[in-house]
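Work through the exercises below with the sequence and the model open side by side. Try each task before reading its solution.

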Amino acid sequence: MPRATGTEALARLAEERVDHRFKGLPPDAEGLTVAELAAQRRNLFTGGFTTPVLALSAERLEHNLALMETYAERHGLAFAPHGKTSMAPRLFQRQIEHGAWGITLAVPHQVWVARAFGVERIFLANELVDPAALRRVADELAADPDFRFVCYVDSVRGVGLMDAALRGAARPVDVVVELAAGEGARTGVRTEAECAAVADAVAAVPTLRLVGVAGYEGEVPRADTARVTAYLRRLTALAADFDGSGRFTGVDEIVVSAGGSAWFDAVADVFAEIPELSAPVLKLLRSGAYVSHDDGHYRRLTPFARVPQEGALEPAFRLWAQVVSRPSPEQAFANAGKRDAAHDLDLPEAQVVRRDGAERPADGVTVTGLSDQHAWLRTTGEADLEVGDWVGFGLSHPCTSFDKWQLIPLAEADGTVVDYIRTFF
């Protein structure tokens, strides 16, 4: 049976039935398709949604998509946002519509999701040595001449394992040598000499094709602008060295890739310095957290704080929970916890309180801890908080916010829910 096109697969998401799998949705929506529920344009606060419920701001999401599209164009960068942030094919589509070259991913399952929804260009920011996964990638490449797949190599042994799994493949797999961000960093080849050995190992096998170099500056130890810039210049110098030694002979373009969500300004600056090489250079940025941004970790680290003239991302997530206990004037509990809110980097931030249709700042309300299904709230004398109130929380770290929700309402500023974002973790 032929595989559905990406458009057909996305359309089928709207045909899913609302049921017990999806938390926070109105109980009386059971049995409706997602499209039918979206067409009702229910209000998040009066339309029967139950707490806890996570919502994405429609306006802020669109703002962030457009801002990064403009930023990449302004700096001459191709953009492959990291899809592991959201694992939401509808957002992948929106990112590609906003100029993304393709989607970055990290593990084979994520690749299968992206392919099921028609993503034609995938950058796997990892060395792939699982033989079953490699054979499936080879099958995808053989079946679809338009499919572009690039992944890391960071060891001679890894090259050997990949070659063994790919023997007989119709097309070679494109690879980039990953340069580690320093001693004690995560993955990657530690020295330029070792990078050359890995590149030579690739050249010795018919199943792989060396097309560039890559790395992740977010792993630079004790990262600051000087250290990150120095690492990125090592990366671009490696590309120039490989090109000068003929290691990219025959490729249509040379891939140079970096860029998390904290230092993409440095990536833009250093990639602008790349000299002319023997083939056009695909300067591939991979920042992913921008799509929703956040109210914690990335709010503090975003490069737009260093270059405000470039614009500003806006936090698009808000988690709504209800006060279910008010045991003392100094304490309250809301019905959202670790199962609902990101908590690996920062606790949620109480931002607003809703009561009887009116919304006000959550003055005097602080989250001090999370249980599995409760938020511990410390309240001061200025806190006007009662059992039954809805509290809107800002979240830190998009990657561990999306993964707790399978179907996320996309709400306009007045609470009208206009769509639902399906995730696949």
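The exercises that follow concern a predicted model.

**Exercise 1. The sheet**

Determine in which order the strands of the open sheet lie, and find its edge strands.

Solution. Step 1: list the strands across the sheet. There are eight, and their order is 2-9-8-7-6-5-4-3. Step 2: check the direction of pairing, which is parallel. In general, strands of a sheet pair through backbone hydrogen bonds, in either a parallel or an antiparallel way. Step 3: look for strands that pair on one side only. These edge strands are strand 2 (78–79) and strand 3 (103–105). Step 4: examine one edge. Strand 2 is joined by two bridges to strand 9 (residues 281–285), and the two run parallel. In this pairing, Ala 78 stands opposite Leu 284 of strand 9.

**Exercise 2. A helix on the sheet**

Find which strands helix 5 touches, and decide which of its residues are buried.

Solution. Step 1: locate helix 5 at residues 108–116, where it packs on the sheet. Step 2: name the strands it touches, namely strand 3, strand 4 (121–127) and strand 5 (148–153). Step 3: compare directions. Helix 5 makes an angle of about 180 degrees with strand 4. Step 4: apply the cut-off for buried, under 20% relative accessible area. The buried residues in helix 5 include Gln 110, Val 111, Trp 112, Val 113, Ala 114 and Arg 115. Step 5: ask what covers them. The cover includes helix 4 (89–97) and helix 6 (131–143), along with strand 3, strand 4 and strand 5. Step 6: look just past the helix. Gly 118 follows helix 5 and has a positive phi, near 85 degrees.

**Exercise 3. Two pockets**

Describe the largest pocket and the second largest pocket by volume, lining and residue class.

Solution. Step 1: take the largest pocket, with a volume of about 460 Å³. Its lining has 25 residues, and those nearest the centre are His 82, Lys 84, Arg 186, Tyr 216 and Gly 260. Strand 4 and helix 11 (297–301) each give at least two residues to this lining. By class, the lining has eight nonpolar, 12 polar and five charged residues.

Step 2: take the second largest pocket, with a volume of about 380 Å³. Here 19 residues form the lining, with Ser 57, Arg 318, Trp 320, Glu 412 and Ala 413 nearest the centre. At least two lining residues come from each of strand 1 (53–57), helix 3 (58–74) and strand 10 (317–328). The classes are 10 nonpolar, three polar and six charged.

How values were computed. Residues are numbered from 1 along each chain as its sequence is written. This is a predicted model: local features need pLDDT of at least 70, side-chain atom pairs count only at pLDDT 80 or more; totals for chains, interfaces and linings use all residues. Side-chain values use heavy atoms; hydrogens and water are left out. Two strands pair if DSSP finds at least two bridges between them. Helices (H or I, at least four residues) and strands (E, at least two) are DSSP runs, numbered from the N terminus. Contact means heavy atoms within 4.5 Å. Axes are lines fitted to C-alpha atoms, for helices over the stretch in contact, and angles run from 0 to 180 degrees between N-to-C directions. On a 1 Å grid over the protein atoms alone, a cavity is a set of points where a 1.4 Å probe fits but cannot get out, and a pocket is an open set with protein on both sides within 12 Å along at least five of seven lines; lining residues have an atom within 4 Å of a point. Grid points are joined across faces, edges and corners, and a volume is the space filled by probe spheres set on the points. Ala, Val, Leu, Ile, Met, Phe, Trp, Tyr, Cys and Pro count as nonpolar, Asp, Glu, Lys and Arg as charged, and the others, Gly among them, as polar. Buried means under 20% relative accessible area, exposed over 50%, partly exposed in between (1.4 Å probe, protein chains only).
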